[in-house]
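Visitor: I am new to reading protein structures. Could you take me through one, feature by feature?

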Amino acid sequence: MILLIDLCYRDGSLSRDEFVAPVERLLCRIGVAFVTRHYTAVGAPDLESADAAILCGTALMDTGYTEHPELFRWLLTFERPVLGISSGMRALAAAFGGGVEPCREIGMADVKMLAPDPLFAGQEGFPAYTVHDYAVQVPGEFVALAASDRCVQAIRHRSLPLYGSSSTPRSGTSGSSSGSPGSPVFRARSG
């Protein structure tokens, strides 16, 4: 079972339809069992029963989750796969001490691979639709996997199956963008 985590400013917000529901629909379509929890409601039973977790994105100005780093400390000992998408990547990096730096990037970006990883299956790069005002500062326990000419776009923990991508599945528009079946983010969500 996948634990799908809603990072939106409040449980049941309208933003949920844009940032959580698309991932729920994908998981339903591919027949993967999941449970969705708002980040403020994740409890020990959720974490114990989860085989993996996905931290969903938020709206550009929705950063309330950053005010509660204590709610993400479970990531330090969660040894099962995690995918942090967009704001989820920011929450993942922050749990391990990674900060942020200003990096406004809205629109298509050419992303280049920086390090090999099975998630990206031999790709040298890919186009991605990005929507963020900040880029993560990669924590020491992580490696930067991919970057645009402006900032890091994907990270992986050096020893645990923890990944982050700044591209969002809701925003794929064509070809190998983040929402398409050929993209790394899609493969991470569906694999």
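**Cores, strands and rings**

Guide: This model is predicted. The largest nonpolar core has 27 residues. Those with the most contacts inside this core are Leu-7, Leu-55, Phe-72, Trp-74, Leu-75, Val-82 and Leu-92.

Visitor: Which elements each supply at least two residues of this core?

Guide: Begin with the general idea: in soluble globular proteins, nonpolar side chains tend to be buried together. Here, strand E1 (2-6), strand E3 (52-55), H4, E7 and E8 each supply at least two residues. H4 gives the most, with four residues.

Visitor: What does Leu-7 touch?

Guide: Leaving out residues up to four places away in sequence, Leu-7 touches ten that can be listed by name: Tyr-39, Leu-55, Cys-56, Thr-58, Asp-62, Tyr-65, Phe-72, Ser-87, Gly-88 and Ala-91. There is also a second, separate core of 22 residues, which includes Phe-126, Val-143, Ala-146 and Tyr-163.

Visitor: Now the strands. Is strand E7 mostly covered or mostly uncovered?

Guide: To judge cover, look at the relative accessible area of each residue; under 20% counts as buried. In strand E7 (residues 142-147), six of the six residues are buried, so by that cut-off the strand is mostly covered.

Visitor: Which strands are joined to E7 by bridges?

Guide: Strand E5 (residues 100-113) is joined to E7 by two bridges, and the two run antiparallel. Strand E8 (residues 152-157) is joined to E7 by five bridges, also antiparallel. Ala-147 in E7 is a useful place to look: Lys-112 stands opposite Ala-147, and Ala-147 stands opposite Val-152 in E8. A hairpin of four residues joins E7 to E8.

Visitor: How many aromatic pairs does the whole structure hold?

Guide: When reading a pair, check the distance between ring centres and the angle between planes; over 60 degrees counts as edge-to-face. A search of the whole structure finds four aromatic pairs. One of them is Trp-74 with Phe-78, edge-to-face at 5.2 Å centre to centre and 85° between the planes. Trp-74 counts as buried because its relative accessibility is 12%, and Phe-78 is buried with a relative accessible area of 2%. The ring centres of Phe-96 and Phe-142 are 5.1 Å apart with planes at 70°, so this pair is edge-to-face.

Visitor: Where in the chain do Phe-96 and Phe-142 lie?

Guide: Phe-96 is in the loop between helix H4 (87-95) and E5, while Phe-142 is in strand E7. They are 46 residues apart, so the pair links distant parts of the chain. Both Phe-96 and Phe-142 are buried.

Visitor: Which residue lies over the face of Tyr-134?

Guide: Arg-90 does, at 5.0 Å from the ring centre.

Methods. Residues numbered from 1 in each chain as written. Predicted model: local features only at pLDDT ≥ 70, side-chain atom pairs only at ≥ 80, totals over all residues. Heavy atoms only, no water. Buried < 20%, exposed > 50% of the residue type's maximum accessible area, 1.4 Å probe, protein only. Pairing = 2+ DSSP bridges. Phe/Tyr/Trp six-rings, centres within 6.5 Å; stacked < 30°, edge-to-face > 60°. Lys NZ or Arg CZ within 6 Å of the ring centre and 35° of its normal. Core = buried A, V, L, I, M, F, W, Y, C linked by side-chain atoms within 4.5 Å. Contact = heavy atoms within 4.5 Å.
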